[in-house]
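Student: Could we work through this structure by question and answer?

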Amino acid sequence: MSSALIIGASRGIGLGLAGELVGRGWDVVATHRGPAPALAATCALTHVCDIDDDGSVMALVAALGDARFDHVLINAGIMGNRGDTASTVTRDAMAQLMWTNAIAPVRAARRLLPLVKDGGSVGFMTSILGSVAGRNHAHAELYSASKAALNSLTRGFAAQDVGKRNIAVLNLHPGWVKTDMGGDGADIDVATSVKGLADVIATARPPGQRYVDYTGAGLPW
Ligand SMILES: NC(=O)c1ccc[n+]([C@@H]2O[C@H](COP(=O)([O-])OP(=O)(O)OC[C@H]3O[C@@H](n4cnc5c(N)ncnc54)[C@H](OP(=O)(O)O)[C@@H]3O)[C@@H](O)[C@H]2O)c1
C-alpha cells in the first residue's frame with residue numbers, strides 16, 4: 001500500500017485526489033486551513049496547515065512526527081483577482097499571489113522533504129499556464145507568472161534539495177478542471193483529472209523532474 005500527504009485538500013482537486021487515492025487503498029493524510037467537512041468524511045487523518053505561514057507548516061511537521069510518505073503533493077494555490085494585470089495589480093495583491101503560489105510551496109516542500117521515502121516523489125500542482133516556452137498570449141498573466149516562478153523554483157529544489165536522493169519531482173498540470181478556481185466552463189471534471197493525476201503519481205519513478213499534465217504528457221517548460 002502506498003502513502004501520500006496532500007497539502008491543501010479542503011475542496012476542488014486536492015479533495016478529489018484524496019478521495020481517489022483512498023479509494024485505491026492508499027494511506028492518505030491531507031491538510032486543510034479552515035473547516036473541511038468533506039475532507040473529514042473522505043480521509044481518516046487530517047491536519048491543519050496554511051502554507052503561507054511558516055509556523056503552521058512547522059506545526060504540521062511536528063504533528064506528523066515519525067510518519068513517512070511515498071508521495072508528498074503540494075496542491076494549495078490561489079487565482080488572485082481575475083481582472084488584474086501587471087498594469088493594475090497592487091503590490092500587496094501581487095505579493096500574496098507570488099507568496100502562496102510560488103514561494104510557500106517550495107518552502108513547505110523543503111520542510112517536508114525529510115518525510116519522503118526513497119523511491120517516492122514530491123509533486124507541485126502547477127499549471128500549463130506556468131509554461132514560458134509555450135506562452136503566446138496574455139491570459140491570466142499574473143497567475144501564470146506565479147506558476148512560472150513556481151516551476152523555476154522547483155528546478156532549484158530538484159537540483160539542490162533533492163539532489164542525489166532517489167526521489168522524483170513532479171510539476172503537475174491537472175487540466176482545466178471544473179472547480180471553484182477553474183469554473184463551470186472548464187474542460188474536465190474533478191474525477192477525470194484526479195484519476196489521471198493519481199496514475200501519474202503512482203507511476204512516478206525517480207530520479208529526475210518531469211513537467212506533465214494529468215494524462216502523463218510532457219509539457220514545455
Ligand atoms: N482548476 C483548474 O483548472 C486548475 C488548472 C491548473 C492548475 N490548477 C491548480 O491546481 C491546484 C488546485 O486548484 P483547484 O482548482 O482545486 O482550486 P480551488 O478549488 O480554489 O482549491 C484550492 C485549494 O487550495 C487551498 N489553499 C489555498 N491557499 C492555501 C494556503 N495558503 N494554505 C493551504 N491551502 C491553501 C484551498 O484551501 P481553502 O479551502 O482553505 O481556501 C483549497 O483547498 C491549485 O494549485 C491551482 O492553481 C488548477
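The questions below take up the ligand shell, a strand pair, a loop residue and a helix.

Student: Which helix gives the most residues to the shell around the ligand?
Tutor: Keep in mind that this is a predicted model. The ligand is surrounded by 29 residues, and the closest include Gly12 and Thr179. By type, the shell holds 12 nonpolar, 12 polar and five charged residues. With three residues, the top contributor among helices is α1, residues 12-23.

Student: Is the β-α-β unit of β6, α6 and β7 left-handed or right-handed?
Tutor: Strands β6 (residues 168-173) and β7 (residues 209-213) pair in the parallel sense over five bridges. One of the bridge partners is Arg210 in β7, which sits opposite Leu170. Helix α6 (residues 190-202) joins β6 and β7 in the unit, and its hand is left-handed.

Student: Why does Arg205 count as exposed or buried?
Tutor: Arg205 lies in the loop between α6 and β7. Its C-alpha is 8.9 Å from that of Asn166, 39 residues away along the chain. The cut-off for exposed is 12 or fewer C-beta atoms within 10 Å. Because Arg205 has 10 C-beta neighbours inside 10 Å, it counts as exposed.

Student: Which elements do the buried residues of α5 pack against?
Tutor: Helix α5 (residues 141-162) has 22 residues and spans 30 Å, close to the expected 32 Å. Its buried residues include Leu142, Tyr143, Phe157 and Val162. These buried residues of α5 pack against α4, β5, β6 and β7.

Student: Which residue follows α5?
Tutor: Helix α5 covers residues 141-162. The residue after α5 has a positive phi, near 50 degrees, and is Gly163.

Key: Residues numbered from 1 in each chain as written. Predicted model: local features only at pLDDT ≥ 70, side-chain atom pairs only at ≥ 80, totals over all residues. Near = placed C-beta within 6 Å. Helix = DSSP H or I, 4+ residues; strand = E, 2+ residues; numbered from the N terminus. Nonpolar A, V, L, I, M, F, W, Y, C, P; charged D, E, K, R; others polar. Pairing = 2+ DSSP bridges. Right-handed = clockwise from strand over helix to strand, strands pointing away. Buried ≥ 20, exposed ≤ 12 C-beta atoms within 10 Å, placed from the backbone. Expected span 1.5 Å × (residues − 1). Contact = placed C-beta atoms within 7 Å.
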